[in-house]
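I opened my notebook for a first look at this structure. Here it is, so you can follow along.

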Amino acid sequence: MSAREALESLTKDQLIELVEAYSKNLIALDGTWFQSIEGELGMDAAMHHDVAAWSRFTASEARRLKRFLGLAERPGLDGLEAALAFKLNTLSSRAETKWEDGALVYRVVECRVQVARARKGIDLHPCKSVGIVEYGGFARVIDDRIRCECLSCFPEISDRTCSCAWRFSLVDSGPFATIES
């Protein structure tokens with residue numbers, strides 16, 4: 001039986017469970033290589049490589065999801081909301097979106113990475129710099145007019161009800177290349 005045939009033999013519920021397992025596996029793989037570098041070369045080196053990896057991966061992930069969802073070239077914040085629902089980190093963690101004053105707020109309510117690090121008794125991942133690259137880069141690929149602002153993310157937490165929070169807004173015209181932190 002081919003891989004395609006095996007997938008086609010699964011029920012919808014089994015496919016959903018498989019997608020969730022794959023997303024958790026990929027986040028675990030990300031954490032495994034990160035902790036390997038962190039253990040050998042320290043947090044600064046691990047963060048350097050994490051930023052580099054996520055800057056490349058997030059653009060690829062956004063392009064694939066944009067194509068999968070059939071989004072227009074500039075689908076605005078509605079398109080971003082649709083894409084965020086299928087983002088790897090959304091599927092592996094507990095996240096939500098909400099609208100506030102014409103902006104889209106994305107909150108990771110319970111981050112799989114931070115929960116795993118806490119369970120292992122290791123310091124939380126100082127993910128704000130990676131998050132800026134990941135979420136800002138993802139949004140820009142979905143629509144180059146979208147600006148991303150970090151509302152709360154370790155180590156600068158201002159909202160204790162979630163692991164991190166990001167605000168996305170649409171600029172009036174033209175590409176917006178900068179990410180605000």
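These entries cover the sheet, the aromatic rings and a few single residues.

**Entry 1, the sheet.** I began by reminding myself that this is a predicted model. I looked up the strands and found 4 of them in an open sheet, ordered E1-E2-E4-E3, with antiparallel pairing. Strand E1 (94-100) and strand E3 (146-153) are the edges, each pairing on one side only. From one strand to the next, the twist averages 20°. I then checked E1 against strand E2 (residues 103-110): 7 bridges join the two. Thr97 stands opposite Tyr106 in E2.

**Entry 2, ring pairs.** How many aromatic pairs are there? I noted 5. One of them is Trp54 with Phe57, edge-to-face, at 5.2 Å centre to centre and 90° between the planes. These two are 3 residues apart in helix H3 (residues 43-69), so about one helical turn separates them. Trp54 is buried at 7% relative accessibility, while Phe57 is partly exposed at 34%.

Next I looked at Tyr135 and Trp166: their ring centres are 5.2 Å apart and the planes meet at 35°, so I wrote down "tilted". Tyr135 belongs to helix H7 and Trp166 to strand E4 (residues 164-170), so the pair ties together parts 31 residues apart in sequence. Both Tyr135 and Trp166 are buried. Tyr106 came up again here, linked with Tyr135 and Trp166 in a cluster of ring pairs.

**Entry 3, single residues.** I found the charged end of Lys87 over the ring of Phe138, 5.1 Å from its centre. Is Ile132, in helix H7 (residues 128-142), buried or exposed? Ile132 is buried, because its relative accessible area is 16% and the cut-off is under 20%.

Methods. Residues are numbered from 1 along each chain as its sequence is written. This is a predicted model: local features need pLDDT of at least 70, side-chain atom pairs count only at pLDDT 80 or more; totals for chains, interfaces and linings use all residues. Side-chain values use heavy atoms; hydrogens and water are left out. Two strands pair if DSSP finds at least two bridges between them. Axes are lines fitted to C-alpha atoms, for helices over the stretch in contact, and angles run from 0 to 180 degrees between N-to-C directions. Buried means under 20% relative accessible area, exposed over 50%, partly exposed in between (1.4 Å probe, protein chains only). Rings of Phe, Tyr and Trp (its six-membered ring) pair if their centres lie within 6.5 Å; planes under 30 degrees apart count as stacked, over 60 as edge-to-face and the rest as tilted. A charge sits over a ring if NZ of Lys or CZ of Arg is within 6 Å of the ring centre and within 35 degrees of the ring normal.
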